[in-house]
Amino acid sequence: MMDIRQTDALIVIDVQNDFCAGGALAVPDGDAVVRPILELQSKFNTVVYTQDWHPSDHSSFASQYEGKNPLETIELPYGTQVLWPDHCVSGGHGAEFHKDLDVNAAQMIIRKGFRSAIDSYSAFFENDQVTPTGLEGYLKSRNIDRVFLCGLATDFCVYYSAIDAVKSGFQAVLISDACRGIDLGGSLSAALEDMKAKGVEIK
Ligand code: VGL
Ligand code: ZN
């Protein structure tokens, strides 16, 4: 299907218990990404997993604000932030990877969102859009020039990772059948349109 090169990397975004069936922020049909990811992963020499990894008082949690509910928004110093149910608390079961993934074959696991004051949807930059996670340097120092993205959720962490990949100078390819979205008020089609407009190849 695809010609995978030595200079390609697969980035598996946030396939963790809280985004799968029964999780605190379950993405509709989220578990369905596991099988295509396993298939894809065996073709790549470089595999990176990301892990949403929040302190229990994280500023993206609605529970931190009197009278706020999940999916409402607030203004934080870096911009508008969607509020979420408590999810992916560091060290907890919800933050663990889906048990059927082959995480042991990944060379790199990048954790993000670990500072209380700032969220990080993207695998490359925190939500202020300037604080790096270190992934760009890791990939570039390994001569990676193209990334394939999959995982959860298409319209949040996968989306921001894909556009930041392009911004950081990588070619980016979204593997649609290995992604699922949350789709908050049309966010899924908006994310797909924006990715296309910014040069992300949608497969
Ligand atoms: C995500 C919302 C909050 C994601 C992470 O992985 O897409 N979405 N934290
Ligand atoms: Zn999160």
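**Why these words fit this model**

Me: Gly169 comes just after α3, and its phi is positive, near 95 degrees. What makes α3 a helix?

Reply: A helix is a DSSP run of H or I with at least four residues, while a strand is a run of E with at least two, both numbered from the N terminus. α3 takes in residues 154–167, with 14 residues, so it passes the helix cut-off of at least four.

Me: What should I know about the model before we go on?

Reply: The model is predicted: local features need pLDDT of at least 70 and side-chain atom pairs count only at pLDDT 80 or more, while totals for chains, interfaces and linings use all residues. Residues are numbered from 1 along each chain as its sequence is written, chains are lettered from A and ligands numbered from 1 in the order in which they are written, and side-chain values use heavy atoms, leaving out hydrogens and water.

Me: Thanks! Why is Ser161 called buried?

Reply: Ser161 belongs to helix α3. Buried means under 20% relative accessible area, exposed means over 50%, and partly exposed lies in between (1.4 Å probe, protein chains only). Ser161 has a value of 0%, which is under 20%, so buried is the right word.

Me: What makes you say that α3 as a whole is mostly covered?

Reply: Eleven of the 14 residues in α3 are buried. Among them are Phe156, Cys157, Tyr159 and Ile163. These buried residues of α3 pack against β1 (8–13), β4 (79–82), β5 (108–112), β6 (146–152), β7 (171–180) and α4 (187–197).

Me: Which residues are in contact with Ser161, setting aside its neighbours within four places in sequence?

Reply: They are Ile13, Tyr121, Ser122, Ala123, Phe124 and Leu149. Contact is the right word because it means heavy atoms within 4.5 Å.

Me: Now His54. Where is it, and why is it called buried?

Reply: His54 is in the loop between β2 (46–52) and β3 (73–76). Its relative accessible area is 0%, so it counts as buried.

Me: How do you know that His54 and Asp52 make a polar contact?

Reply: A polar contact is a pair of N or O atoms within 3.5 Å; inside the protein, one atom must be able to donate a hydrogen and the other to accept it, and residues adjacent in sequence count only if both atoms are side-chain atoms. The side chains of His54 and Asp52 are joined at 2.9 Å, a value within 3.5 Å, so the name fits. Beyond its neighbours within four places in sequence, His54 is in contact with residues including Phe61, His87, Lys112 and Gly113.

Me: Why is Gly113 called buried, and where is it?

Reply: Gly113 is in the loop between β5 and α2 (135–141). With a relative accessible area of 1%, it is buried. Its contacts outside the neighbours within four places include Trp53, His54 and Ile118.

Me: And what makes Asn143 exposed?

Reply: Asn143 has a relative accessible area of 58%, so it is called exposed. Asn143 is placed in the loop between α2 and β6. It also has a positive phi of about 65 degrees, although it is not a glycine.

Me: Why would anyone point that phi out?

Reply: Because most residues other than glycine have a negative phi, and most peptide bonds are trans. Asp29, in the loop between β1 and α1 (34–41), is another non-glycine with a positive phi, near 65 degrees. The peptide bond from Leu152 to Ala153 is cis, with omega near -10 degrees.

Me: Which residues surround ligand 1?

Reply: Among them are Asp14, Asp52, Trp84, Leu152, Ala153 and Cys157. A residue is near a molecule or strand if one of its heavy atoms lies within 4 Å of it.

Me: How far is an oxygen atom of ligand 1 from a polar side-chain atom of Asp14, and from polar backbone atoms of Leu152 and Cys157?

Reply: The distance is 2.6 Å for Asp14, 3.3 Å for Leu152 and 3.0 Å for Cys157. The protein covers 100% of the 260 Å² of accessible area that ligand 1 has on its own.

Note on methods: Areas by Shrake-Rupley, 256 points an atom, 1.4 Å probe, with all protein chains shown as cover.
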